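Colleague: I'd like a close look at one part of this model, the helix you flagged for me, and then whatever you can tell me about its surroundings. Take your time and walk me through it.

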Amino acid sequence: MNLRQLHYFYELAKFKHFAKAAKACHITQPTLSASITALEKSFGTELVVRGSQFVALTDAGQIVLRYAEKMLLDQVALKQELSVFSGPLIGSLRIGIVPQSSVDIMPIIKQFNELHPNITITLLVTTNEKLIEQLTLHQIDIGLGFDDNLTEANRRTFYFYPQMDNDMAVLASQTLVSQLDTPLSDGALALKDLQQRPLVLLSQNMQFRQYIDNALAQSQLRFNVVLETDSLFHLVSAVKHDIGYAIVSSGIAKSAEKLFNLHYRPLQHIQSGNTVFITRKYSVSPAMNEFVSLINTG
């Protein structure tokens with residue numbers, strides 16, 4: 001067994017396809033297959049269920065995958081640790097975020113980039129459930145999500161860095177502002193101000209949307225949802241094009257006001273989870289530590 005074989009095995013487990021994994025590893029498919037076979041021989045057990053194509057990992061394969069992920073991440077962390085002796089920190093950092101966080105992550109990323117220009121950041125937008133899963137599977141390094149629906153195992157495995165309260169706001173264009181019975185300039189809005197108004201909301205699989213749905217159900221009012229999307233860009237674009245009013249986090253509302261000349265007001269009486277940065281307690285790279293230091297000082 002060697003790290004190269006574990007890397008090939010990890011890519012196969014990720015792509016679940018021999019040809020795609022071989023392409024990602026920049027080798028031929030026969031070379032990949034031979035490497036997986038050699039790895040199986042070294043462990044004395046099958047790791048992959050094969051048909052004419054990849055089928056699945058065996059139970060033993062699932063165990064090897066967990067260790068392979070940790071070993072490969074430790075290798076990356078080691079390279080980052082040693083890079084400081086020859087120059088600036090190098091490598092990569094993968095960050096997962098939910099679409100409606102109250103935190104504008106871009107100023108933090110900009111500060112990090114100025115300090116460590118040789119670290120490539122990958123930013124992935126996902127659901128809160130997927131974010132926790134990707135952290136557990138070492139598919140991302142840092143998460144920005146909500147602290148809801150976490151198991152005790154999650155809380156033992158991760159560090160949490162709470163951020164500001166995830167207050168909500170109504171986002172509207174100038175045209176839609178003029179149609180409200182309660183003008184946005186008059187202060188905070190309540191859900192009753194939005195009944196029968198066209199609403200554009202995030203998709204129902206998003207954690208943030210679940211907070212909104214709970215509030216709408218408890219209000220016993222009638223609402224008109226005209227558009228659902230899992231894209232924050234299209235949500236804001238829909239407001240810009242007068243399709244409807246959006247219920248968003250206050251952080252998103254403030255950014256949309258500056259960037260797209262939209263208007264917003266706080267929305268009262270909606271319970272939502274707390275926004276948190278999340279990292280693993282183990283397999284921590286220098287790049288992760290550097291980013292966390294900016295979170296703590298921000």
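Modeller: Let's start right where the helix stops: just after α6, His138 takes a positive phi of about 65°. Keep in mind that this is a predicted model. The helix itself, α6, spans residues 128-136, and its buried residues are Asn128, Leu131, Ile132, Gln134 and Leu135. Those residues cover an arc of only 165° around the axis, so they sit on the same side of α6. The spacing fits the usual helix arithmetic: an α-helix has 3.6 residues a turn, so residues three or four places apart point the same way.

So what lies over that side? The cover on the buried residues of α6 includes β3, β5 and β12, along with α7 (152-157), β6 (158-162) and α9 (207-219).

Of those, β5 deserves a stop. Strand β5 (residues 142-146) is mostly covered, with five of its five residues buried. On one pairing, β5 runs parallel to β3 (residues 91-97), and three bridges join the two; Ile97 is the residue that stands opposite Leu144 in β5. On another pairing, β5 runs antiparallel to β12 (residues 275-280), this time with five bridges, and here Gly143 stands opposite Ile278 in β12. Both of these partners, β3 and β12, also turn up in the cover of α6.

Asn128 leads us somewhere else. Besides being one of the buried residues of α6, Asn128 helps line the largest cavity, and the lining also includes Thr126, Thr127, Phe146, Met206 and Gln207. A search of the whole structure finds one cavity of 30 Å³ or more, and the volume of the largest is about 40 Å³. Its lining has six nonpolar and five polar residues, with no charged ones.

The open spaces are another matter. The largest pocket holds about 780 Å³ of space. It is lined by 30 residues, and Val103, Asp104, Leu232, Ile252 and Ser255 lie nearest its centre. The elements that give two or more residues to that lining are α5 (106-115), β4 (119-125), α10 (232-240) and α11 (250-260), with the largest share, nine residues, coming from α11. By class, the lining of the largest pocket has 19 nonpolar, seven polar and four charged residues.

The second largest pocket, with a volume of about 610 Å³, brings us back to β3: α1, α4 (59-83) and β3 each supply at least two residues of its lining. Of the 24 residues that line this pocket, His7, Leu72, Leu73, Val76 and Arg94 are the closest to its centre. The largest share of the lining, eight residues, comes from α4. The lining of this second largest pocket divides into eight nonpolar, nine polar and seven charged residues.

One more helix makes a handy companion to α6. In α2 (residues 18-25), the buried residues are Phe18, Ala21, Ala22 and Cys25. Seen down the axis of α2, they fall within an arc of 100°, so they line one face of the helix. Their cover includes α1 (3-15), α3 (29-43), β1 (48-50) and β2 (54-57). And α2, too, is followed by a histidine with a positive phi: His26, near 60°.

Notes: Residues numbered from 1 in each chain as written. Predicted model: local features only at pLDDT ≥ 70, side-chain atom pairs only at ≥ 80, totals over all residues. Heavy atoms only, no water. Buried < 20%, exposed > 50% of the residue type's maximum accessible area, 1.4 Å probe, protein only. Helix = DSSP H or I, 4+ residues; strand = E, 2+ residues; numbered from the N terminus. Arc of directions from axis to C-beta. Contact = heavy atoms within 4.5 Å. Pairing = 2+ DSSP bridges. 1 Å grid on protein atoms, 1.4 Å probe; cavity = no way out; pocket = protein on both sides within 12 Å on 5 of 7 lines; lining within 4 Å. Points joined across faces, edges and corners; volume = space filled by probe spheres on them. Nonpolar A, V, L, I, M, F, W, Y, C, P; charged D, E, K, R; others polar.
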